[in-house]
Amino acid sequence: PDDSLMAAPSRRGRVKVWDLGTGKLVRLFRFNQGRVYYAANFSPDGKFLAVASTTYSKGGNRIEFFDPASWELIKMIPVSDDTVTFDRLTFSPKSDLLVAENNSLSHFHVFDITSERQTMLLKGINAAGFTPDGGALVTFADHGNKIEFIETAKLVSVSSGARLAKTEKAERQSTTHNKAILVALHRRSEMPFNEFAEEVARILS
């Protein structure tokens, strides 16, 4: 969270946390009672280390939130789909939302951390990132060459909202842009998609 720690998932189903100052391993999430860990990230406010894990059984898929100071488990959000695993976890700038990405399926699951619920499932998306102010989630789809902005207010659970919200085109501000410009911008640099999303937001503003 303060650039002193790094969480590194591995293909063996483990997540290692390293102290970048000392080079020492400070935490290891590994096979535990059949549970496999495969993605992790720190929240911008430094309050959470989110770790995605599964047991490959019914009800075994979840996102766990640990306190980086004590490594105690403080939150746990179940994932509705027991078959999916995540390649990447991305927090919103305000650390109130988490996007979990599955590259092979082009699925992005959105979680409201405060209510500990999954609130949205985005399909057919190739990349997603939050705008710098956290006011919107920017998504990019190769099919149709679309960049879409979803207001973060629509990603947050309502007090009675146990249902999984569905993404309808009417709920999004959708714009199709010149493919050559988007591809050139994305390929020209090796920036993470969050930075790419910020750049696109600046271009469109």
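Look at the hairpin of E2 and E3 to get your bearings: five residues sit between the two strands, and among them you can look for Gly-23, which takes a positive phi near 75° in this predicted model. On either side of that turn, E2 covers residues 15–19 and strand E3 covers residues 25–29. The two run antiparallel and are joined by four bridges. You can trace the pairing by eye: Trp-18 stands opposite Leu-25 in E3, while Val-15 stands opposite Phe-29.

Now turn to E2's other partner. Strand E1, residues 5–9, pairs with E2 in the antiparallel sense too, over five bridges. Here Trp-18 shows up again, this time as the bridge partner of Met-6.

Put these pieces together and you have an open sheet of three strands in the order E1-E2-E3. E1 and E3 stand at the edges with a single partner strand each, so one side of each has no neighbour in the sheet. Neighbouring strands here are turned by 15° against each other on average, ignoring direction.

Further along the chain, there's the largest nonpolar core, with 17 residues. Ile-63, Phe-65, Phe-86, Leu-89, Leu-98 and Phe-111 are the ones that touch the most other members. Strands E4, E5, E6, E8 and E9 each supply at least two residues of this core.

Leu-89 is a good one to zoom in on. Setting aside neighbours within four places in sequence, its contacts include Ala-39, Val-51, Ile-63, Leu-98 and Val-99. Finally, there's a second, separate core of 13 residues, and Leu-97, Phe-130, Leu-137 and Ile-150 are among them.

Conventions: Residues numbered from 1 in each chain as written. Predicted model: local features only at pLDDT ≥ 70, side-chain atom pairs only at ≥ 80, totals over all residues. Heavy atoms only, no water. Pairing = 2+ DSSP bridges. Core = buried A, V, L, I, M, F, W, Y, C linked by side-chain atoms within 4.5 Å. Buried < 20%, exposed > 50% of the residue type's maximum accessible area, 1.4 Å probe, protein only. Contact = heavy atoms within 4.5 Å. Axes fitted to C-alpha atoms, helices over the stretch in contact; angles between N-to-C directions.
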